[in-house]
Every structure is written in C-alpha cells, then in structure tokens.
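Please open the model in your viewer and keep the sequence panel beside it. The tour below moves from one selection to the next and says what is to be found at each stop.

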Amino acid sequence: MAARQATGTPAADHATFAGGWNAPWFRRFRRDKMAVAGVIVVLLLTLMAVFAPYLAPYDPAEQHIIYRLRGPSEQFRMGTDEFGRDVLSRIIYGSRASLIVGLASVFLAGVVGTVIGGLSGYIGGRFDLMVSSVVNVLMSFPSLLLGLMVVVVLGPGTTNVIIAVALSLLPNFIRLARGPVLALREREFIVACRAMGASTTRILFKHVLPNILGPISVMSTLWIATAIRTEASLSFLGLGVQPPWPSWGNMIKSGVDNILSNPWLAVYSGLAITVTVLAFNVIGDGLRDALDPKQKTL
Amino acid sequence: MLSKMRSHFRLLPLAAAVVALALTAFVFAAPAGAKVMRIGSGVADVGTLDPHFATNFGEYPIVKAMFNGLVDLPPGTVDMERIQPDLAERWEVNEDGTVWTFYLRQGVQWHHGYGEFTAEDVVFSFNRMKSEEVGSPWRSEVANIKEVRAVDPYTVEIELHAADPFTLLRLVGYHSGFIVSKKAVEELGEEYRFRPIGTGPFMIEEYNPRQSVVLAANKDYFKGAPKLDGLVFLFMPDTATRELALRTREIDAADGNAEQIWVDRMRSQGLIVDTVGPGNGYFLQYNMTMPPFDNLLVRQALSYAINRQDVVEFLGPALARELKSPVPMGYFGHTTEGIETYDYDPQRARQLLAEAGYPNGFTFDIYMSEASSYLPFAQIFQAHWRAIGVTMNLNIVDHASYHALVRENRNGVILYNATRLPIADVYLSQFYHSDAIVGKPTAITNFSHLGDVVASVDHLIEEARFEHNAERQRELYAEAQRIIMEVAAAMPYAQRYSTMARQPYVDLGYELIGPNHFDNLFEHYIYNENTDLIGR
C-alpha cells in the first residue's frame with residue numbers, strides 16, 4: 001500500500017529510501033526496537049574502532065609474558081593471552097579489522113556486483129547468459145571456501161582478505177541486482193523512457209537504480225554480518241590479520257589453543273563476534289521489514 | 001609469481017587440517033578387540049617416511065617404530081657406554097680403529113615379503129646415505145665412512161677415513177644409522193617415501209595424507225612379536241585437540257606441549273607426562289647473505305634485543321633453560337666460557353642499530369611455521385624487536401612448507417629447534433660447517449652461510465672430529481662456539497625438554513631415565529615390541 005508512493009520514479013515495485021526523516025519506512029524502522037538496538041551497537045562499535053588508541057588500556061601487541069594466560073583482574077580487565085597481552089585492548093583493536101573488512105568488502109562487492117548484475121539484466125542476451133553461468137558456478141561454493149581459495153592465491157593480509165570476502169559475496173550481489181532489473185526492463189515506464197529516446201545510462205541511473213537500491217541496502221547490511229564472520233573464519237585459520245595484530249578471529253584461535261588454561265580468551269572474542277554479527281543482522285531484518293511492509297515477518 | 005603462488009598454496013593444508021582433524025579424531029575406530037595404540041602426533045602431516053629423510057618430530061617416531069640400525073642405545077637412555085646389538089649381533093674393530101667388522105643377525109626378514117636382510121642392504125644403505133644425488137640431510141654423519149664392504153651375506157666391514165671416537169654412536173638407529181631394504185628402495189622408487197620397508201617391530205599399513213599413519217605389528221620381528229597389534233599416528237597439530245582427545249581417552253599417548261601450565265594440568269588429570277632430554281636446542285640463525293643481516297652490527301643489535309628470560313617464562317622454568325652457546329648444554333663439547341652471549345641489553349641494541357645506519361629500525365618479512373614449537377617464539381622476538389624499532393612481518397605457513405622454504409634460502413632470520421646425537425660435532429657439522437650451507441649439493445641445515453661468508457669454523461670441526469685427546473677436542477669445540485657467537489651467525493636462546501603425555505595404562509616396556517647428563521636421546525617415545533596397553 002504505502003510502498004507505491006511517488007518517489008520520482010513511477011510505480012516502483014520496491015520502496016526506496018526517499019522521503020527524509022519522516023518517510024514511512026523510517027518511521028517503521030524507528031519503531032523496531034531490535035533494529036534500533038542494532039544501530040546503537042554498531043555505532044558504539046564504530047566509535048570503539050575509531051578511538052581504539054584512546055580506549056585501549058595497553059598497546060595490543062605489548063607482551064607481558066610473566067602475566068600470561070591470566071583470567072580477568074584489576075590490571076587486565078579481560079585477562080591476558082598466551083603472550084601476556086591484554087585481551088581487552090586486543091578486543092578493542094580487533095574491532096578495526098572486523099569493521100574494515102566487513103564494510104569495505106561489502107561496499108566493494110555491492111558496487112561491482114550491482115553494476116555487473118544490473119547490466120547483465122538490462123542488456124540480456126549472451127552477456128546475461130555468460131554472467132549468469134559464472135554466478136551459478138560461484139554460488140555453488142560456500143562463501144568461506146571461495147574466500148579461502150582467493151586468500152590462498154593472493155596470500156594473507158587485511159587487503160587480500162577484503163578482496164577475498166568481496167569476491168565471495170559478489171555472486172550474491174550480481175544475482176540480487178539482476179533479478180529486479182530483468183523485471184523492470186519490460187515495465188511500461190522503462191519502455192516509455194526508451195521510446196522517448198533516453199540514453200541507456202540515463203535509464204539505468206535515473207530509473208533502474210533507485211528501484212533496486214532498497215533490496216540491495218537490506219541485503220548489504222545482512223551481508224556485512226556474513227563478511228565479518230568470513231573474516232573471523234579466515235583469521236581463525238591464520239589467513240587473515242597477521243600477528244602480532246589482533247582480529248577477533250585470530251583471538252578465538254589463540255583462545256581455542258589455550259581454552260583449558262584461560263577460557264576467557266575464547267569467550268570474550270567469541271562474544272565480540274556474536275554481538276557484532278547479531279547487530280548487523282537485526283538492522284538488516286529491521287530494514288527489510290520497514291522497506292517492504294507486505295512481507296512483514298512475524 | 002609462480003613461486004609466490006606456490007608458496008601460498010602451501011597454506012591450504014592449514015585450512016584443510018582443521019577440517020581433517022575434526023574428522024580423523026572421531027572417525028577412526030580400532031577393530032574390536034585389537035590392541036592398537038593411538039598416538040596424537042603434533043604435526044599436520046608428514047613429508048616422508050623414508051628413514052634417510054625423516055627429519056621432523058612427527059616423522060621420526062613413526063620411522064623409529066619400523067626400522068633398525070646395526071646397533072642401538074638401550075631403550076630410554078643415551079648411554080654411549082652401553083650401546084647394544086641390533087641388526088648386528090656383535091662387532092670387532094681393528095687396532096687403529098679404522099676398520100669395523102659387524103656380524104649380522106641371520107634370518108631377519110624385511111616387511112611385506114621383501115626377502116631376507118643381508119650385508120647387501122647394509123652396503124646399499126650407507127652408500128645411499130652418502131650419495132650426494134640422493135641428498136639425505138644426515139649425510140654429514142657418515143662422511144667419515146670411506147667404504148662399506150659385504151664380506152659375506154652376514155658380515156660387513158666399514159672402513160673409516162680416520163678413527164672416530166664416536167663411531168658406534170653414529171651407527172645407532174637414529175638419523176643416519178637406519179638400514180633400508182635395497183630391493184624395496186629400488187623397486188618402489190618414489191613410492192618408497194610413503195611405503196617404507198623396514199625390519200622393525202611395526203610395518204606400514206596405510207598412509208592417509210593429513211589424517212593418519214597406520215602401522216601393523218610385525219609378528220615375525222626378530223626380537224619377538226610386539227605386544228601391540230598396531231600403532232596409529234593421528235595428525236593433531238592443535239594442542240587443545242590433543243589434550244581433549246587424551247582426556248576423553250580417544251588417544252593413548254600424544255606429543256606434549258612443552259609448557260609448564262600444560263604439564264601441571266595434564267598431571268592433575270591423572271595422565272603421565274614424561275620429560276625427555278638431553279633437550280632441544282632452540283636457536284635462530286641470521287642469513288648473512290641477505291641484507292640487512294649481512295651487517296654484523298644489525299645481527300648483534302637483534303641478538304641484544306632478545307630477552308631469553310621471556311622464552312623461558314613462556315615455556316616454563318621447570319622445562320626450559322636459557323641457552324647461550326651454539327651447542328646445547330649436556331652435549332659433549334658445550335661451553336659458554338669466553339663466549340659473547342649477547343645478554344639482554346635493549347639500550348645497546350638500539351645503539352648498535354643506529355651505528356649500523358638504521359636509527360629508526362627497519363622492516364622485513366619472514367616465513368614462519370604454524371607449529372607451536374616455532375610460531376610463539378617468532379612472536380616473542382617480533383615483540384622484542386618491535387621495542388627497538390624493527391618490524392618483522394610473519395608469513396605463516398604449515399610446518400613442512402617452512403622446512404622447505406628455509407632450505408630455499410627464503411628467510412633472513414631462521415628459527416630452528418633440534419635434538420641431535422649429544423656431541424658437539426653433530427650440531428656444529430650440521431648447522432655451522434660450510435658444506436652444510438643450504439642450496440649446496442651437500443646442504444644440511446646451515447642457514448647462516450657461515451663458512452662461505454664472514455668466518456669459517458670448518459677446520460675446527462674437522463680437526464676435533466678425529467682428535468682423541470678429549471681436552472684438546474673440547475678446546476677446538478670451544479673455539480668454534482666462540483667464533484660463531486662473535487660473528488653473530490646465530491642466537492641460541494633456549495634449551496627445552498620435550499614432553500609426551502600418555503594414559504596411565506600405557507606401559508612403555510622400558511624405563512625412561514629422567515633427564516640428566518646423558519639421558520634419553522630421543523625427542524619422543526619409541527614404541528617398541530615391549531610397549532603395551534595394560535587393561536584399556
């Protein structure tokens with residue numbers, strides 16, 4: 001009902017972000033307590049990542065070997081790892097790796113995937129067939145496996161992990177963008193635009209893009225959570241952030257190695273990942289519900 | 001580019017291991033009633049089971065269960081005075097000590113129907129060991145052998161270039177002393193690596209890459225059929241996995257973690273933890289052909305920046321000690337007298353670094369093994385060096401790849417841990433003689449290129465090898481150790497006893513003599529024909 005409001009493009013199937021602070025979708029979003037909590041958590045995490053040097057009580061790589069594998073105490077609020085490094089400081093700094101990889105890889109995959117998917121759907125024909133086939137092949141790999149293969153070829157390190165995670169998400173974005181475009185292409189207002197002599201670029205940017213932005217934004221938020229999990233998994237396997245720098249994934253790895261000496265290590269880093277992934281997930285759910293009230297889940 | 005890619009492909013095992021591990025630990029089940037001993041091995045995989053090539057702590061105990069030497073040490077000790085017969089029943093030596101005659105045991109059969117063991121096999125084994133083409137890493141230990149002759153099928157003469165006071169010790173079934181089957185090596189070729197044919201109490205049954213090695217009892221073993229029906233080595237590179245598997249009795253014994261906390265915890269769980277010596281020497285070498293490590297001041301600076309106490313603290317004071325000489329403590333010839341030991345002095349380190357032209361430090365990358373006996377120390381030094389402005393980036397690879405990469409001269413700093421025959425000669429020959437420089441046809445494990453660049457200790461090692469006056473021999477070894485430290489080719493930092501854990505029902509079949517001056521040679525258990533599982 002409300003989804004069909006004027007947004008500059010005639011009769012859009014999907015609601016968009018237009019309308020400012022008082023747009024119906026935003027009002028619905030604000031009412032979703034879980035989603036708002038998610039936003040707050042993500043904001044806090046972002047602040048934590050940005051201001052890590054001011055918040056962390058210790059240098060995250062500084063070793064105090066005589067205090068190794070201690071539980072939480074006055075001196076080390078979350079205890080220490082096998083080298084006597086402060087776990088709290090490492091958790092704080094670790095948020096940087098997770099957020100940077102999560103956001104950068106989704107952004108990268110989102111932009112590239114939307115362009116490829118959009119073009120593929122709009123142009124159609126052989127190009128579409130080719131893209132779809134490649135996507136189908138890539139989709140048959142679990143995203144972690146795909147990421148793993150890419151990192152193995154490129155080598156470990158944050159930049160390579162971003163590329164790897166982006167590549168592992170790319171097929172999802174391509175498919176996501178292609179579907180609606182395929183449907184839109186035949187819609188009257190697009191056909192009308194074409195008949196009026198509008199250029200392909202103009203049609204794509206002015207009419208097609210705003211119509212697919214909604215679902216892409218929703219899925220992006222959800223996939224940030226996937227990206228963070230993939231990064232943690234790669235780091236857990238020793239392929240992500242390299243020592244001595246912390247990432248939640250490599251902290252869990254060290255926590256598992258020492259789980260019987262100091263279980264707190266795995267608990268805290270595991271919690272950090274859980275909370276972050278959960279936050280992005282509830283935001284994504286909230287956005288989806290807000291933007292598409294017809295499919296409201298119970 | 002290709003080689004870069006290849007090296008990264010080596011990371012794959014790391015990932016695969018995690019998955020494989022989870023599976024192997026639970027999938028394997030011994031046939032009902034069979035007395036099969038399950039051992040958690042601390043490596044992700046083995047690179048070879050050919051005894052002339054087995055080098056790492058995962059490969060060696062498997063090989064030892066399948067092969068024999070001409071002579072052996074009494075189980076559980078390294079008592080050079082009590083070397084006992086093995087494949088040879090008795091032996092004689094001529095007046096000047098250059099010709100040794102060994103009378104072989106008759107009727108010993110090779111595993112899997114490869115016929116009877118004869119003098120031919122002994123000749124073949126030593127020629128193979130000596131061959132540059134074959135390229136065994138233990139070549140230097142048999143360099144003194146001039147010729148091995150088969151007098152008749154059951155008599156072998158070994159002629160030496162010069163009399164060597166440690167001849168028998170070098171012939172024990174350890175690195176260089178294993179006898180292989182001529183027929184099997186020739187027939188199997190490349191396949192022999194994972195289809196080793198020996199004479200020992202256990203024989204190869206299966207090799208499952210990244211999962212396990214299964215050995216079956218050799219019922220015709222010449223010292224009597226083993227009490228066990230078989231051994232299964234399960235690859236469990238993850239410490240916590242091994243520990244949990246021990247607790248749940250999924251495995252009967254496992255490679256230990258040489259950490260105090262771990263030992264205390266295992267003992268409190270009712271498990272037996274054995275510590276064996278004479279101890280693993282922990283040291284690093286600088287690749288003196290690779291800038292900036294070709295600069296003496298840089299090497300000295302890095303050495304001064306290392307706080308050995310941190311490593312000892314990490315390993316546990318009861319299990320480790322600071323090592324300050326290139327030859328480990330307790331090995332014949334070890335000394336620290338008159339030697340520059342580079343005691344922790346970060347101030348001095350910074351000063352030397354500035355003098356070397358790096359007032360703000362520098363950055364370098366190295367490959368590092370993921371093994372828990374390597375990676376933590378690299379991380380400790382990473383922190384030590386960071387304190388003086390030097391950044392070391394670690395490119396972490398699996399253990400077998402690390403071994404391969406450092407032999408390709410790819411690292412500026414090489415970490416290495418080794419247990420060898422407890423005499424200075426073996427350690428010095430393998431790590432500091434110019435013949436042992438990696439990349440040479442005679443390469444062993446000299447990663448520093450000492451001997452080709454900077455200084456040489458070749459003449460000292462060679463002279464000492466045939467010196468019968470023990471006093472003079474010690475002096476020569478001391479001089480070699482002094483030079484190595486003076487030019488900062490290496491930085492020895494710790495000596496550690498290895499640990500193994502076993503269930504209380506595992507009976508080794510012999511008594512393990514506790515660490516003392518000359519104690520257990522072997523880094524890890526040797527499961528022999530007397531090993532048993534009592535009432536599991």
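The quantity to colour by at the outset is pLDDT, the predictor's confidence in each residue, which runs from 0 to 100. This is a predicted model, in which local features need pLDDT of at least 70 and side-chain atom pairs count only at pLDDT 80 or more, while totals for chains, interfaces and linings use all residues. Residues are numbered from 1 along each chain as its sequence is written, and chains are lettered from A and ligands numbered from 1 in the order in which they are written.

**Chain A, confidence and outline**

Select residues 1–15 of chain A, where pLDDT stays under 50 and where the model has 27 contacts beyond four places in sequence; two residues are in contact if their C-beta atoms, placed from the backbone, lie within 7 Å. Where pLDDT is low, the predicted coordinates should not be read in detail. Widening the selection to the whole of chain A gives a mean pLDDT of 87, with 91% of its residues at 70 or more. Now show the secondary structure, in which helices (H or I, at least four residues) and strands (E, at least two) are DSSP runs, numbered from the N terminus. Chain A has 11 helices and 0 strands, and its C-alpha atoms fill a box of roughly 75 × 45 × 30 Å along the principal axes. Among the elements of this chain, helix H1 (residues 24–31) has the lowest mean pLDDT, 85, and helix H3 (residues 52–55) the highest, 96.

**Two helix pairs in chain A**

Next select helix H4 (residues 87–123) and helix H5 (residues 125–139) of chain A, whose axes come within 7 Å and cross at roughly 140°. Axes here are lines fitted to C-alpha atoms, for helices over the stretch in contact, and angles run from 0 to 180 degrees between N-to-C directions. Angles under 35 degrees count as roughly parallel, over 145 as roughly antiparallel, 65 to 115 as roughly perpendicular and the rest as oblique, and H4(A) and H5(A) are therefore oblique to each other. To see where they meet, display A:Ile116, A:Ser120, A:Gly121 and A:Ile123 in H4(A) together with A:Gly125, A:Phe127, A:Asp128, A:Val131 and A:Ser132 in H5(A).

Move on to helix H6 (residues 143–154) of chain A and to H9(A), which pack at an angle of about 50° with their axes 10 Å apart; that makes H6(A) oblique to H9(A). The residues to display are A:Ser143, A:Leu144, A:Gly147, A:Leu148 and A:Val151 in H6(A), which meet A:Thr226, A:Thr230, A:Ser233 and A:Leu234 in H9(A).

**Backbone details in both chains**

Most residues other than glycine have a negative phi, and most peptide bonds are trans. With that in mind, zoom in on A:Leu69, where phi is near 55°, in the loop between H3 and H4 of chain A. A cis peptide bond joins A:Pro243 and A:Pro244, with omega about 10°, and A:Pro244 is placed in the loop between helix H9 (200–236) and helix H10 (248–257) of chain A. In chain B, a cis peptide bond joins B:Pro291 and B:Pro292, with omega about 0°, and B:Pro292 is in the loop between strand S12 (272–286) and helix H9 (296–305) of that chain.

**Sheet and hairpin in chain B**

Which order do the strands of the open sheet in chain B take? Its 4 strands run S4-S5-S7-S6, with antiparallel pairing, where two strands pair if DSSP finds at least two bridges between them. Strand S4 (88–93) and strand S6 (145–152) stand at the edges, each with a single partner strand, so one side of each is left without a neighbour in the sheet. The twist averages 20° from one strand to the next. S4(B) pairs with strand S5 (residues 99–104) over 5 bridges, and B:Trp91 stands opposite B:Phe102 in S5(B). Add helix H4 (residues 119–130) of chain B, which lies across S5, S6 and strand S7 (155–160) and runs at about 165° to S6(B).

Then select strand S8 (residues 202–208) and strand S9 (residues 212–217) of chain B, an antiparallel pair with 6 bridges. B:Met203 has B:Ala216 in S9(B) as its bridge partner, and in the hairpin, with 3 residues between the strands, B:Arg210 takes a positive phi near 60°.

**Where the chains touch**

Finally, show both chains: the contact takes 27 residues from chain B and 23 residues from chain A. On the chain B side, H12(B) gives the largest share, 6 residues.
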